[in-house]
Amino acid sequence: MKNFVYQNPTKIIFGEGTINQIGKEIKNHGVNKVLIIYGGGSILKNGVYEEVTKSLKEHDVDYVEVSGVQPNPVLSKVQEAINKAKEEKVEGLLAIGGGSVYDTTKAVSIGCHYEGNVWDFYERKLKPKSAMPIFGVLTISATASEMNMGSVITNEDEDKKWSCGSPVMYPKVSIIDPKVQATLPPNQTANTAIDTMAHVFELYFDGTEDVDVLMEYSEGIIRTTMKHVKVLLEDPTNYQSRAQLAWCATLGLNGSNGVGRSGGDWASHNIEHSLSVLYGVSHGAGLAIVFPAWMKYVYKENIDMFERFAEQIFNITEGTKEEKALKAIEELKIFFKSLNAPVTLKEIGVKPEELDEIADNAAMQAPLGTLKKLEREDILEILKIAYK
Ligand code: NZQ
Ligand code: ZN
């Protein structure tokens, strides 16, 4: 294991019936007025908005709001919310939603403490020094944004979906009530599982040696996720499966699984972000297409790790190392298909002549990856594998 420092300051309140604690938590931080940030309205239909605002009123927390955050959230909405937060002189931000809402809220939190364009942080021109306090009520578990310091935003004018991470962006408090996720449509439930698995893969396959505890931890999260997403596609209101899937998602990317390693690979995520920005595909669906293709392109870089993956996740014990690795990659694709996720670029309407444009977009941040450093030509080869 490599040396590490791990400090995650986010307080998590987890479980059924916990949303009514949000007002008290905000007040306990000395915050009297918040900007609520939410998405396209699922929270208005499933009662979450009502429950949150009731709790705020009970604890004398004033609020104003910005809605309409879209999946694959955009910079213009971030700017609208920064302006509103400044005009209204709010003291804190309250995300109600999933990764897109949380990521927007994090961008607003650093933007409120900066006079320049918040995109500067995503371009890595400078690091955020401080941020407005963030609170959240999570309604879809996938990204772990509720308990990490990352944010991914699309600059729609420049076709860039880029990330920013800073310890100042950890939420102070996140409430996770898995019950409210019962209203997720099946494709979103599938996306959450794929994204959770993908986060674990990014860490698992970064090539670090001597991290047995993390490999076992990762395999546990992968197996549990695969088991419970299947239950939920049959029985969306199964609370115990919702709860276990939700906590798998948080553990997948709250840093606990990333310590002691080389930082993760992240090439597949970067390539997927280009698909999201160019084709509007949801993050989980894009990962179902990119990950198996990336694996096929890089498995020889650390064949032992892929053999372990084959044995531990798919019980593949017969054959050479290479045969096992290739069989596992095929099984992974079959699993994603069984969730009704797309597994080829063709399925989401990409044309062969467009692969170059996708490669150009992803290569803006090249070289990508840790297990194998990928330049534009490598990214194009992965896209070719992902095409059919
Ligand atoms: O907008 P509303 O109407 O709320 O609908 C949302 C949205 O359409 C819906 N939804 C959420 N909770 C619901 C619900 N529908 C019914 N019932 C509920 N309880 O779900 C849709 C997707 O929401 P979104 O927030 O986009 O999903 P997710 O949490 O998967 O977030 C994806 C975004 O996070 C980024 C992705 O790139 C993508 O932009 N990521 C953020 C990361 C991070 N901050 O660490 C890491 C990830 O790898 C990822 O890149
Ligand atoms: Zn992800």
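These legends describe close-up views of a predicted model.

**View 1. The chain splits into domain 1 and domain 2.** Domain 1 covers residues 11–179. Domain 2 covers residues 184–387. Taken over C-alpha atoms, the domain centres are 27 Å apart.

**View 2. Domain 1 meets domain 2.** On one side of the contact are 19 residues of domain 1. On the other are 27 residues of domain 2. Which elements of domain 1 give two or more residues to its touching side? They are β6 and β7, the latter at residues 160–165. By class, this side of domain 1 has eight nonpolar, five polar and six charged residues.

**View 3. A shell of 35 residues surrounds ligand 1.** Which residues come nearest to ligand 1? They are Gly39, Gly40, Pro71, Gly98 and Gly99. The shell residues fall into three classes: eleven are nonpolar, 22 are polar and two are charged. Both domains take part. Domain 1 and domain 2 each supply at least three residues of the shell.

**View 4. Helices and a strand help to build the shell around ligand 1.** Four elements each give at least two residues:
- α2, residues 42–45
- α5, residues 99–111
- β6, residues 150–155
- α7, residues 186–204

Which element gives the most? It is α5, with four residues. Look again at β6, which supplies residues to the ligand shell. Strand β6 also gives two or more residues to the side of domain 1 that touches domain 2.

**View 5. Helix α8 packs against helix α9.** Helix α8 runs over residues 212–234, and α9 over residues 239–252. Their axes lie 9 Å apart, at an angle of about 145°. Is the crossing left-handed or right-handed? The crossing of α8 and α9 is left-handed. From α8 come Ile221, Thr224, Thr225, His228, Val229, Val231 and Leu232. From α9 come Ser241, Arg242, Gln244, Leu245, Cys248, Leu251 and Gly252. Together these contact residues comprise seven nonpolar, six polar and one charged.

**View 6. Two spots in the backbone deserve a closer look.** Most residues other than glycine have a negative phi, and most peptide bonds are trans. Asparagine 72 is not a glycine, yet its phi is positive, at about 60°. Where does asparagine 72 lie? Find it in the loop between β3 (62–66) and α4 (75–87). The second spot is a peptide bond. From alanine 366 to proline 367 the bond is cis, with omega near 0°. Proline 367 sits in the loop between α14 (355–363) and α15 (376–387).

**View 7. Two stretches carry domain names in UniProt.** An unreviewed UniProt entry places "domain: Alcohol dehydrogenase iron-type/glycerol dehydrogenase GldA" at residues 9–178. In the model, this stretch is 31% helix and 25% strand. Its end C-alpha atoms are 21 Å apart. For residues 189–387, UniProt (unreviewed entry) lists "domain: Fe-containing alcohol dehydrogenase-like C-terminal". What percentage of residues 189–387 is helix, and what percentage is strand? The span is 67% helix and 0% strand. The end C-alpha atoms of residues 189–387 lie 24 Å apart.

Definitions and conventions: Residues numbered from 1 in each chain as written. Chains lettered and ligands numbered in written order. Predicted model: local features only at pLDDT ≥ 70, side-chain atom pairs only at ≥ 80, totals over all residues. Near = placed C-beta within 6 Å. Nonpolar A, V, L, I, M, F, W, Y, C, P; charged D, E, K, R; others polar. Domains from an automatic or database assignment. Axes fitted to C-alpha atoms, helices over the stretch in contact; angles between N-to-C directions. Left-handed = near helix turned anticlockwise from the far one by under 90°. Contact = placed C-beta atoms within 7 Å. UniProt positions renumbered as here; feature names shortened; annotations may be inferred.
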